[in-house]
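Biologist: Could you take me through one part of this model slowly, naming each residue as you come to it? I would like to see how the aromatic side chains are arranged, and then what surrounds them in the wider fold.

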Amino acid sequence: MSLITLLLTSCGEEKEVHETEIYEIRSIGTLSTTEYTLGKIIHWNDEGEWYTYGDRKILLSCKATVKAGVNLNAIKESDIQVDGKKITIQLPPPEIVSFEMDPDLVRTEMTDVNGFRSDFSQVDKSKVLQKGEESIRKDLQKLNILDEAEQNAKIFIVDFYKNLGFEQVIVHETPKDKRNTNIDH
């Protein structure tokens, strides 16, 4: 009977969270919480110099995979306040974690070369593709990928600390005016 009582009372005890567990979230590093795959059709009309006869047009399609998230390494001790079973965290700003354009997903859909113009070289195609990458990066700002990444990171952090035994988890976002909205990573 005393063994059952001991087991029941030990199960009812509240688990004390150690300080090392509180800051363990930093060991996760960069937390990617959002991924987008974006396609783009790039039309380029190379009219050439005034002395050239003819024109060149090309149509390329490409896809980019973009991941966004939060660098949890950036959480400082001052960003976390513990008050009993309540924890408050200042979340680092969301950022673009990776931007990849798969060369296998780049296709030349159409070329039109006339007059005395030469066909598009790989260097020419690379320059056109660079314009496509710039266009995709501009589109990212309209998609609110950083906001979505931040919301998903908040959900993860709340779950993380609730699993440690905290009853109330408050996560503060980085104010929009203090964010680095530069998508050119």
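**A close look at the aromatic residues**

Modeller: Tyr161 counts as buried, because its relative accessibility is 1%, and buried is the word for anything under 20%. Tyr161 also forms an aromatic pair with Phe166, and this pair is edge-to-face, with 5.9 Å from centre to centre and 75° between the planes. Phe166 is itself buried, because its relative accessible area is 5%. Please keep in mind, as you look at these rings, that the model is a predicted one.

The pair of Tyr161 and Phe166 belongs to a wider arrangement, for Phe156, Phe160, Tyr161 and Phe166 form one aromatic cluster. In the structure as a whole there are three aromatic pairs. Another of these joins Phe160 to Tyr161, again edge-to-face, with the centres 5.0 Å apart and an angle of 85° between the planes.

A ring may also have a charged side chain placed above it, and here Arg137 lies over the face of Phe99, at 3.9 Å from the ring centre.

Turning from the rings to the strands, we can begin with strand 7, which covers residues 168-172 and runs parallel to strand 4, the two being joined by five bridges. Within this pairing, Ile89 has Val171 in strand 7 as its bridge partner. Strand 4, which spans residues 86-90, is also joined by four bridges to strand 3, residues 80-83, and these two strands run antiparallel. One place to find this pairing is at Val82, whose bridge partner in strand 4 is Ile87. Strand 3 and strand 4 together make a hairpin with two residues between them, and in its turn Gly84 has a positive phi of about 65°.

Finally, a polar residue deserves the same careful reading, and Ser61 can be found in strand 2, which covers residues 56-71. Ser61 counts as buried because its relative accessibility is 12%, a value to be read against the limit of under 20%. The side chain of Ser61 makes a polar contact, at 2.6 Å, with the side chain of Glu109. If we leave aside the neighbours within four places in sequence, Ser61 is in contact with Lys40, Ile41, Leu105, Val106, Arg107 and Glu109, so that Glu109 appears in this list as well as in the polar contact at 2.6 Å.

Key:
Residues numbered from 1 in each chain as written. Predicted model: local features only at pLDDT ≥ 70, side-chain atom pairs only at ≥ 80, totals over all residues. Heavy atoms only, no water. Buried < 20%, exposed > 50% of the residue type's maximum accessible area, 1.4 Å probe, protein only. Polar contact = N/O pair within 3.5 Å; in protein donor to acceptor, adjacent residues only side chain to side chain. Contact = heavy atoms within 4.5 Å. Phe/Tyr/Trp six-rings, centres within 6.5 Å; stacked < 30°, edge-to-face > 60°. Lys NZ or Arg CZ within 6 Å of the ring centre and 35° of its normal. Pairing = 2+ DSSP bridges.
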